[in-house]
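Got the model open in your viewer? Here are a few exercises to work through with it.

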Amino acid sequence: MDERVFDDVIQNPVFFLSFVGALLLTAVSAWQLRGQPYRWWVWAALAAHTAGFLTTMAFNIPLNDGLCRMTGPGAAREHFEHAWVAWNAVRAVLSAVAPGCLARALVLYGALRRPRTWRRPPGPGPAGNPS
């Protein structure tokens with residue numbers, strides 16, 4: 001399959017919505033949670049999403065465009081493989097860090113919302129002293 005045809009199939013409204021939507025929704029969440037104690041995890045997710053977006057725009061897309069202009073597959077692989085794999089790894093790490101940070105924020109949100117109902121069971125306390 002021609003690389004340009006592949007790029008044309010991938011670049012569609014659904015892809016754009018998921019690619020930019022995650023960044024925008026994280027930004028909205030960061031703004032709405034600005035007074036909460038777990039907000040820093042959401043801001044960290046926003047930073048990771050932003051860095052991933054910028055990596056894609058500055059490195060991956062230009063490399064893909066350059067790859068489409070190459071004529072020989074051997075020369076293309078030799079010229080682009082190292083840089084493309086390296087920047088794709090950066091993007092993959094950032095893409096994993098962002099939802100990890102959001103998950104941490106969600107856990108902390110749940111911990112703050114959970115009622116504290118645990119009580120010490122009746123019986124002797126430390127060193128056999130009654131509670």
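Three exercises follow, each with a worked solution.

The model is predicted, so to speak a calculation: local features need pLDDT of at least 70, side-chain atom pairs count only at pLDDT 80 or more, and totals for chains, interfaces and linings use all residues. Residues are numbered from 1 along each chain as its sequence is written, and side-chain values use heavy atoms, with hydrogens and water left out.

**Exercise 1.** Place Asn60 and work out whether Asn60 is buried or exposed.

Step one: find Asn60 in helix 3, residues 39-69 (helices are DSSP runs, H or I, of at least four residues, numbered from the N terminus). Step two: check the relative accessible area, which is 1%, so Asn60 counts as buried (buried is under 20%, exposed over 50%, partly exposed in between, with a 1.4 Å probe and protein chains only). Step three: skip neighbours within four places in sequence, and Asn60 is in contact with Thr55, Trp84, Trp87, Asn88 and Arg91 (contact means heavy atoms within 4.5 Å).

**Exercise 2.** Do likewise for Phe53.

Phe53 also sits in helix 3. With a relative accessible area of 23%, Phe53 is partly exposed. Beyond four places in sequence, Phe53 contacts Phe19, Val20 and Leu23.

**Exercise 3.** List the residues of the largest nonpolar core.

Such a core is a set of buried Ala, Val, Leu, Ile, Met, Phe, Trp, Tyr and Cys residues joined through side-chain atoms within 4.5 Å. The largest has 6 residues: Leu23, Ala30, Tyr38, Val42, Leu46 and Ala105. Helix 2 (13-32) and helix 3 each give two or more of them.
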